Amino acid sequence: MAPNVLIVCLGNICRSPMGEAVLRHVASERKVDLSVDSAGTAGYHVGEEPDERTTATCKKYGVPISCEARQVSQEDFYNFTHILASDASNLSNLLRIKPQDATAEVKLWGSYLDNKPIADPYYGGIKGFEATYDQCVKLSNAFLDALAKTPSASL
């Protein structure tokens, strides 16, 4: 079974949709079969497209992005093999709502590389989105490297 990954941030318009797009793109380039989606722990932007700076940054690097913001649901803890949080606050929120019998592994995405959170670029300029993009590329490769080393494809 191919891994099914959910990238999570707060509002699902900056970090997580960029992470979704970048992980999907990097996996495709590396010929790794996986499914990727994104969501937010809060419902502030449900139904909205990604922030225009997120979209512009992805397009600048030739990374296709197309998604609509949604909030994490209880079903996500059963439908995904991996739920990767952008920072400690979102990880804490995820662990708080995670059902006891959930099958998804819930971790900080940065735990696959340097344990650093992805800073929220929302209130800053385009440079913050560029930094987020660079971090998403590194985290995507680190996650896929770890996945490749795991015989059961579960981390």
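These legends describe close-up views of a predicted model.

**View 1. Helix α2 packs against helix α5.**
Helix α2 spans residues 52–60, and helix α5 spans residues 126–149. Their axes lie 10 Å apart and meet at an angle of about 55 degrees. The two helices are therefore oblique to each other. The crossing of α2 past α5 is right-handed. From α2, the contact residues are Arg53, Thr54, Thr57 and Lys60. From α5, they are Ile126, Phe129, Glu130 and Tyr133. This contact of α2 with α5 has a mixed make-up: 3 nonpolar, 2 polar and 3 charged residues.

**View 2. The buried and exposed faces of α2.**
Thr54, Thr55, Thr57 and Cys58 are the buried residues here. Around the α2 axis they cover an arc of only 165 degrees, so they sit on the same side of the helix. An α-helix has 3.6 residues a turn, so residues three or four places apart point the same way. The buried residues of α2 pack against α1 (15–29) as well as α5. Turned away from the buried side is a face with the exposed residues Glu52, Lys59 and Lys60. Lys60 thus appears in two views: it is exposed, and it also takes part in the contact with α5.

**View 3. His45 in the loop before α2.**
His45 belongs to the loop that runs between β2 (35–40) and α2. Its relative accessibility is 17%, under the 20% cut-off, so His45 counts as buried. Leaving aside residues up to four places away in sequence, His45 touches Gly11, Ile13 and Ala69.

**View 4. Helix α1 packs against helix α5.**
Here the axes are 9 Å apart, at an angle of about 45 degrees. That angle makes α1 and α5 oblique to each other. α1 passes α5 in a right-handed crossing. The α1 side of the contact consists of Arg15, Met18, Gly19, Val22, Leu23, Val26 and Ala27. The α5 side brings Phe129, Thr132, Tyr133, Cys136, Val137, Ser140, Asn141, Phe143 and Leu144. By class, the residues of this contact are 11 nonpolar, 4 polar and 1 charged.

**View 5. Phe129 and Tyr133 of α5 in both helix contacts.**
Phe129 and Tyr133 are among the α5 residues that meet α2. Both also belong to the contact of α5 with α1.

Notes:
Residues are numbered from 1 along each chain as its sequence is written. This is a predicted model: local features need pLDDT of at least 70, side-chain atom pairs count only at pLDDT 80 or more; totals for chains, interfaces and linings use all residues. Side-chain values use heavy atoms; hydrogens and water are left out. Axes are lines fitted to C-alpha atoms, for helices over the stretch in contact, and angles run from 0 to 180 degrees between N-to-C directions. Helices (H or I, at least four residues) and strands (E, at least two) are DSSP runs, numbered from the N terminus. Angles under 35 degrees count as roughly parallel, over 145 as roughly antiparallel, 65 to 115 as roughly perpendicular and the rest as oblique. A crossing is left-handed if the near helix is turned anticlockwise from the far one by less than a right angle, and right-handed if clockwise. Contact means heavy atoms within 4.5 Å. Ala, Val, Leu, Ile, Met, Phe, Trp, Tyr, Cys and Pro count as nonpolar, Asp, Glu, Lys and Arg as charged, and the others, Gly among them, as polar. Buried means under 20% relative accessible area, exposed over 50%, partly exposed in between (1.4 Å probe, protein chains only). The arc is that of the directions from the helix axis to the C-beta atoms.
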